[in-house]
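Welcome, and thanks for joining this walk through a structure. Please open it in your viewer and keep the selection tool at hand.

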Amino acid sequence: MILDKVFIFLAMLLAHFLNGSNIFELGNAIRPDFMIIVVIFFAFRKGAMYGLWLGFFGGLLTDTSLGGEIGADNAVYYKIGLHSLSYAIVGYVIGKVTRNAYTENYISITIYVMGFTFLSRVITYFLFWMFFHSNHSYSFVYVSLYNAFIGPAIFFLLTWIFRLEADEVRQ
């Protein structure tokens, strides 16, 4: 039980550091969002409450790396909570609605990761636009496609590292 939480914490920290690195960057705004892949994985595996809380704390980690923005009134505005809310919503929806329909194969993982990454990006963009201003360089499709491409490999690695208990395996 404690080892599960330690592993989840380490997976979130690794996703946070990979999000901040330029190793997987393909272009100006084309880089994968590893944190949403981790949230999707654990929401499918552990359920709605894990998806909600991991989405919330993973989003806070993602928001801390954004930094601040100087507004028109020369005040610094921090965007803490935008990714947190969108990841929490997506994690909860995955764990509550689609967990029973989840089958572990390459095609379904690709479709789920692409769709839920796109949904989280749309929610985050809407929140950003609502509270701050529109961000024209915010990528929806490219990040979703990139996540869909690398998502099955990350799911495979997380499945290999994170062994399921006998009562958690879906028959």
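In which helix is valine 122 found? Select the residue and you will land in helix α5, which covers residues 106-131. Keep in mind throughout that this is a predicted model. Valine 122 has a relative accessibility of 35% and counts as partly exposed, because that label covers values between 20% and 50%. Now add phenylalanine 140 to your selection. Valine 122 and phenylalanine 140 lie 18 residues apart in sequence, while their C-alpha atoms are 7.1 Å apart in space.

**The whole chain**

Zoom out and switch to a cartoon view. The protein chain holds six helices and two strands. Followed along the sequence, these elements come in the order α-α-α-β-β-α-α-α. The radius of gyration of the protein chain is 16 Å, close to the 16 Å that the globule rule gives for 171 residues, so the chain is as compact as a globular protein of that length. If you draw a box along the principal axes, the C-alpha atoms fill roughly 55 × 30 × 30 Å. Colour the chain by accessibility next: 43% of its 171 residues count as buried.

**Helix α2**

Select residues 34-46, which make up helix α2. How many residues of α2 are buried? The count is 13 of the 13, so this helix is largely enclosed by the rest of the structure. You can also check the length of α2 with a distance tool. At 1.5 Å a residue, its 13 residues should span 18 Å, and the C-alpha atoms at its ends are indeed 18 Å apart.

Stay in α2 and pick lysine 46, which has its place in this helix. Is lysine 46 buried or exposed? With a relative accessible area of 15%, lysine 46 is buried, because the cut-off for that label is under 20%. Add arginine 99 to the view: this residue is 53 residues away from lysine 46 along the chain, and the two C-alpha atoms are separated by 9.0 Å. Then step on to glycine 47, just after α2, where the backbone takes a positive phi of about 115 degrees.

**A salt bridge**

Show side chains for glutamate 25 and arginine 31. What brings these two side chains together? They meet in a salt bridge, with 2.7 Å from N to O. Side chains of opposite charge can pair when their charged atoms come close. A search of the whole structure finds one salt bridge. Both partners are partly exposed: glutamate 25 has a relative accessible area of 28%, and arginine 31 has one of 29%.

**A cavity**

Keep that pair selected, because Glu25 and Arg31 are also among the residues that line the largest cavity. To see the rest of the lining, add Leu18, Asn19, Ser21, Phe24, Pro32 and Phe34. By class, the lining has four nonpolar, two polar and two charged residues. The volume of this cavity is about 30 Å³, and the count of cavities of 30 Å³ or more comes to one.

**A pocket**

Turn now to the second largest pocket, which has a volume of about 320 Å³. Which residues are closest to its centre, out of the 15 that line it? Select Leu14, Leu18, Ile154, Leu157 and Leu158 to find them. The elements that give two or more residues to this lining are α1 (2-20), α2 and α6 (141-161). Colour the lining by class, and you get 15 nonpolar, no polar and no charged residues.

**Last stop**

Finish at glycine 20, which is found in helix α1. Glycine 20 counts as exposed, at 56% relative accessibility. For a final distance, add alanine 153: the C-alpha atoms of glycine 20 and alanine 153 are separated by 20 Å, with their positions 133 residues apart along the chain.

Notes:
Residues are numbered from 1 along each chain as its sequence is written. This is a predicted model: local features need pLDDT of at least 70, side-chain atom pairs count only at pLDDT 80 or more; totals for chains, interfaces and linings use all residues. Side-chain values use heavy atoms; hydrogens and water are left out. A salt bridge is a side-chain nitrogen of Lys or Arg within 4 Å of a carboxyl oxygen of Asp or Glu. Buried means under 20% relative accessible area, exposed over 50%, partly exposed in between (1.4 Å probe, protein chains only). On a 1 Å grid over the protein atoms alone, a cavity is a set of points where a 1.4 Å probe fits but cannot get out, and a pocket is an open set with protein on both sides within 12 Å along at least five of seven lines; lining residues have an atom within 4 Å of a point. Grid points are joined across faces, edges and corners, and a volume is the space filled by probe spheres set on the points. Ala, Val, Leu, Ile, Met, Phe, Trp, Tyr, Cys and Pro count as nonpolar, Asp, Glu, Lys and Arg as charged, and the others, Gly among them, as polar. Helices (H or I, at least four residues) and strands (E, at least two) are DSSP runs, numbered from the N terminus. The expected span of a helix is 1.5 Å times one less than its number of residues. The radius of gyration is taken over C-alpha atoms; the globule rule is 2.2 Å times the number of residues to the power 0.38.
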